[in-house]
Amino acid sequence: MLEVYCDSSYNEGENSYIGCVVLRSSRQIHQSTTKVPGDPQNNLDCELAALNFAISLVRTFFEDDKEITVYNDSTEAVKAFQRRVQETEREFSGSRVSFEYVPREKVNQAAADSLSKKFPVFFSSTSTSDVESFSRREDILSDIARNGSNIFYLEKVPEMSTNKKTCYRLIVRTMEKTLSDDRVYPVKKGGPGTQVKAAEEIRKDLSNPEVLSSLKSKGVRLENSYFLLTDETWGLRGTDSQAYSILPSSITHKIICDEVDRSPQNLFRRAERFR
């Protein structure tokens, strides 16, 4: 059996990439990262390109396999290719071909997702931490609601972003109020991903005594805080259970997320009932 897991990362205004993992009889035989060809306009364009590239890998590694399965985490893209099954099976005569949806949390799909973000290059010297889903964690929601825990997250600043740079705003808040929102990080596009470079700059700042003193004067508490992964920082996620934080590893904190609704509003709405 030949299996290909493919994923893509759409990067508006800069290069987008495809990540693929190929297995035969459940053993990995190949992984790769490649640029999405042309000028994709949205995430769906990239996922369709990823599936096309996956088929090219099937051609490369095909050895009279009786079962060929291509996986992707976009239901819309998978449906489009499911309509092409008969056409694809004619190319690989005698083989059964299927296109299947798989959630990003599955190990091989998570690996394809990481490859599409070029994590092996960007994060070779940076450690990761566990990501905890808060949607079913009453202890996390209760802590945020009752103990004034600090939540750190990034927001993209459209009016300060251009074709050559992306600007992120660091937000620190509690259930009650915003403690700090005046630190902005303009990051030049190109090379390592902009989210990666923003995270590196913020980690440096949060290790700077002067910056720490300024934040603490506003009531910011770094210890036992939370870094919330949002759509703006989803690229910091390395695998299905690991991610790279904007907070230094020397600071005790947790990385949290929601797989579906990644907005800060969702977090505070869920925590509200524990007040």
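Helices here are DSSP runs of H or I with at least four residues, strands are runs of E with at least two, and both are numbered from the N terminus. Keep in mind that everything shown is a predicted model.

**View A. Just past the end of helix α6.** Helix α6 covers residues 138–146. Right after α6 comes G148, with a positive phi of about 65°. Which residues of α6 are buried? They are I140, L141, S142, D143, I144 and A145. These buried residues have plenty to pack against: the strands β6 (129–133), β7, β10 (225–228) and β12, plus helix α9 (264–272).

**View B. Helices α1 and α2 side by side.** Two packed helices are described by the angle between their axes and the distance between the axes. For α1 (residues 43–61) and α2 (residues 75–82), the angle is about 45° and the axes are 9 Å apart. An angle that is not under 35, over 145 or from 65 to 115 degrees counts as oblique, so α1 and α2 are oblique to each other. The crossing of α1 past α2 is right-handed.

**View C. Who touches whom between α1 and α2.** On the α1 side you'll find L44, E47, L48, L51, N52 and I55, and they meet E76, A77, V78, A80 and F81 of α2. Sort the residues of this contact by type and you get eight nonpolar, one polar and two charged.

**View D. Two nonpolar cores.** In soluble globular proteins, nonpolar side chains tend to be buried together. The largest nonpolar core here has 29 residues, and F152, L170, L229 and I246 have the most contacts inside it. Which elements give two or more residues to this core? Strands β7 (151–156), β8 (165–173), β9 (178–188) and β12 (253–257) do, along with helices α7 (194–205) and α8 (209–217). A second core, separate from that one, has 25 residues, including C20, A49, L51 and I55. You've already met L51 and I55 in α1, where they take part in the contact with α2.

**View E. S26, a positive phi in a loop.** S26 isn't a glycine, yet its phi is positive, near 70°. Look for S26 in the loop between β2 (17–24) and β3 (27–35). Is S26 buried or exposed? Exposed means over 50% relative accessible area, and S26 has 61%, so S26 is exposed.

**View F. D64, another residue with positive phi.** D64 is not a glycine either, but its phi is positive at about 55°. The loop that holds D64 runs between α1 and β4 (67–72). With 61% relative accessibility, D64 counts as exposed.

How values were computed
Residues numbered from 1 in each chain as written. Predicted model: local features only at pLDDT ≥ 70, side-chain atom pairs only at ≥ 80, totals over all residues. Heavy atoms only, no water. Axes fitted to C-alpha atoms, helices over the stretch in contact; angles between N-to-C directions. Left-handed = near helix turned anticlockwise from the far one by under 90°. Contact = heavy atoms within 4.5 Å. Nonpolar A, V, L, I, M, F, W, Y, C, P; charged D, E, K, R; others polar. Core = buried A, V, L, I, M, F, W, Y, C linked by side-chain atoms within 4.5 Å. Buried < 20%, exposed > 50% of the residue type's maximum accessible area, 1.4 Å probe, protein only.
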